[in-house]
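Colleague: Hi! I've just opened this one and would like to talk through the packing with you. Can you bring it up?
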Amino acid sequence: MSELDKILGSETPITPAPAFAQNVMRAVRQEAAAPPPIRFPWGRLLTGAAATAGVIVMAGATPLLGAETASGLAQSFDWLKHVILSSGVAWMAGGALLSYLSVKLSLRLTH
Amino acid sequence: MNTVPGHDPDSADVQRVLDGDINAYEGIVKRWQGPIINLAYRFCREQGLAEEIAQDVFLKAFKSLKGWRGESRFSSWLFALALNMCRSRMRRLRPVLRPIEEAERIAGTGQPDADYETAEESEIVRRLVLQLPRKYREAIVVFYFHDQSVPEAAATLKIPEGTLKARLHRGRELLRKKIGARPGLTLSLGVA
C-alpha cells in the first residue's frame, strides 16, 4: 500500500449531528404534506394550438375557394376563433415562451 | 453495511413508504445518514455543508423512491444520487484549496504533537484531490470512500471498472505532480 493510499484511505469518519435524522424527517413530512404541483394544461394548449393551425390553414385557403364554400368556412373560422379565445392559448403560449427564455437565460448565466 | 441474509431492511422500508407509511423512511435515513454525510464531506470538506447536501439527497431520494426498481442495491442507487447532488452543489461552490492555516487548524484539533504534522499533511493532500479535474477527483474520492473497492466505486460512478482503474491511475499521477509542487509535502510523503 502506497503512502498515498494510506493517507486517502485513512480518513476519520465524521458523525452526523444528533438532530440530523429528525431534521430530514421534518423536511420529508413537509414534502409529503405539500399539495401536488399544478400540472401544465397541455390538453388545453394542444387544443388551442390545433385550432390556431386550423385558422391559419383556412385563412390561407379562403381566397382559393368559391363564394359558398368561403361563407361556410367563415362560420367555422368564427367558431375556431371562439375556441382560441376561450382556451386562453395566447396566455399559455406567452407563459411557456417566458419560462423557456428564463430557463435558457439562467443556464447561460451559470455556465 | 451489514444485512441479515434473506432480509433487506431497505427494500422493506421502501415498500412501506410507497404504501403510505412515511415514518418508515426514518429507518432509511438513520441507516444511511453516516455514509451519505461522509461521502459529501469528502467532496466539500465542511461538515455543515455536507449535512446540507445529505439532507437534499434524502429529500430527493424520498421524492424519487418509485424510481428505484430493486435491480441494483438500494445503497448503490442512493450513492449515485448523492454523487449527482455533490456534483451539482460543487459546480456552484467550486472546490477551493483553503489556506494551509485552515488545514493546520483542522489537523491540529485534538491531535497529539507527534501526529500533528502527519495530520496536517494528510488534510492538505485530501484538499489537493479536490483540485483535480472532475473525472479524476470523483474516481479517487469514491474509490477511497468505498474502502478501495473497484466494483462498488464503479457502480456508484456508473462507469465500467476498466474506466475507473484508468482514471485512478491518471488521477494519482496528477495528484503526485501536485504534491511534488509543494516542497514541504514532497519529502515527508516520499513522493518524488
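Colleague: At what angle do α2(B) and α4(B) pack, and how far apart are their axes?
Modeller: The angle is about 35° and the axes are 10 Å apart. The axes are lines fitted to C-alpha atoms, for helices over the stretch in contact, and angles run from 0 to 180 degrees between N-to-C directions. Helices here are DSSP runs of H or I with at least four residues, strands are E runs of at least two, and both are numbered from the N terminus. Bear in mind that this is a predicted model, where local features need pLDDT of at least 70 and side-chain atom pairs pLDDT 80 or more, while totals for chains, interfaces and linings use all residues. Residues count from 1 along each chain as its sequence is written, and chains are lettered from A and ligands numbered from 1 in the order in which they are written.

Colleague: Is the crossing of α2(B) and α4(B) left-handed or right-handed?
Modeller: Right-handed, meaning that the near helix is turned clockwise from the far one by less than a right angle; anticlockwise would be left-handed.

Colleague: Which residues make that contact?
Modeller: From α2(B) there are B:Trp32, B:Ile36, B:Leu39, B:Ala40, B:Phe43 and B:Cys44, and α4(B) answers with B:Leu78, B:Phe79, B:Ala82, B:Cys86 and B:Met90. Contact means C-beta atoms, placed from the backbone, within 7 Å. By class, this contact has 11 nonpolar residues, with no polar and no charged ones. The nonpolar class is Ala, Val, Leu, Ile, Met, Phe, Trp, Tyr, Cys and Pro, the charged one is Asp, Glu, Lys and Arg, and the others, Gly among them, are polar.

Colleague: And what about α1(B) against α2(B), at what angle do they cross?
Modeller: Roughly 145°, with the axes coming within 8 Å. B:Pro9, B:Asp10, B:Asp13 and B:Val17 of α1(B) meet B:Tyr25, B:Gly27, B:Ile28 and B:Arg31 of α2(B). That contact divides into 4 nonpolar, 1 polar and 3 charged residues.

Colleague: Where does the kink in α2 of chain B lie?
Modeller: At B:Trp32, shortly before the proline B:Pro35, and the kink is about 50°. That is the angle between axes fitted to the seven residues ending there and the seven starting there. The helix covers residues 25–44 and is followed by B:Arg45, which has a positive phi near 60°.

Colleague: What covers the buried residues of α2(B)?
Modeller: The cover includes α2 (20–33) of chain A, plus α1, α3, α4 and α7 of chain B. Among the buried residues of α2(B) are B:Trp32, B:Gln33, B:Ile36 and B:Arg42. Buried means 20 or more other C-beta atoms, placed from the backbone, within 10 Å of a residue's own; exposed is 12 or fewer, and partly exposed is in between.

Colleague: How many residues does the largest nonpolar core have?
Modeller: 51, and those with the most contacts inside the core are B:Ile36, B:Ala40, B:Val57, B:Leu78, B:Ala82 and B:Ile140. The largest share comes from α2(B), with 10 residues. Such a core is a set of buried Ala, Val, Leu, Ile, Met, Phe, Trp, Tyr and Cys residues joined through C-beta atoms within 7 Å.

Colleague: Why does B:Val57 count as buried?
Modeller: Because B:Val57 has 26 other C-beta atoms within 10 Å. B:Val57 sits in helix α3 of chain B. Leaving aside neighbours within four places in sequence, B:Val57 contacts B:Ile36, B:Leu81, B:Ala82 and B:Met85. The C-alpha atoms of B:Val57 and B:Leu81 are 6.8 Å apart, with their positions 24 residues apart along the chain.

Colleague: And B:Ser11, why is that one partly exposed?
Modeller: B:Ser11 is partly exposed because there are 14 C-beta neighbours inside 10 Å. B:Ser11 belongs to helix α1 of chain B, and beyond four places in sequence B:Ser11 touches B:Gly70 and B:Phe74.

Colleague: Switching to the interface: how many residues of chain B are in contact with chain A?
Modeller: 29, against 20 residues of chain A. On the chain B side, α2(B) gives the most, with 10 residues. That side divides into 14 nonpolar, 8 polar and 7 charged residues.

Colleague: Last one: how many helices and strands are there in chain B?
Modeller: Chain B has 10 helices and 0 strands, while chain A has 5 helices and 0 strands. Buried residues make up 34% of the 192 residues in chain B; for the 111 residues of chain A, the figure is 9%.

How values were computed: Contact = placed C-beta atoms within 7 Å.
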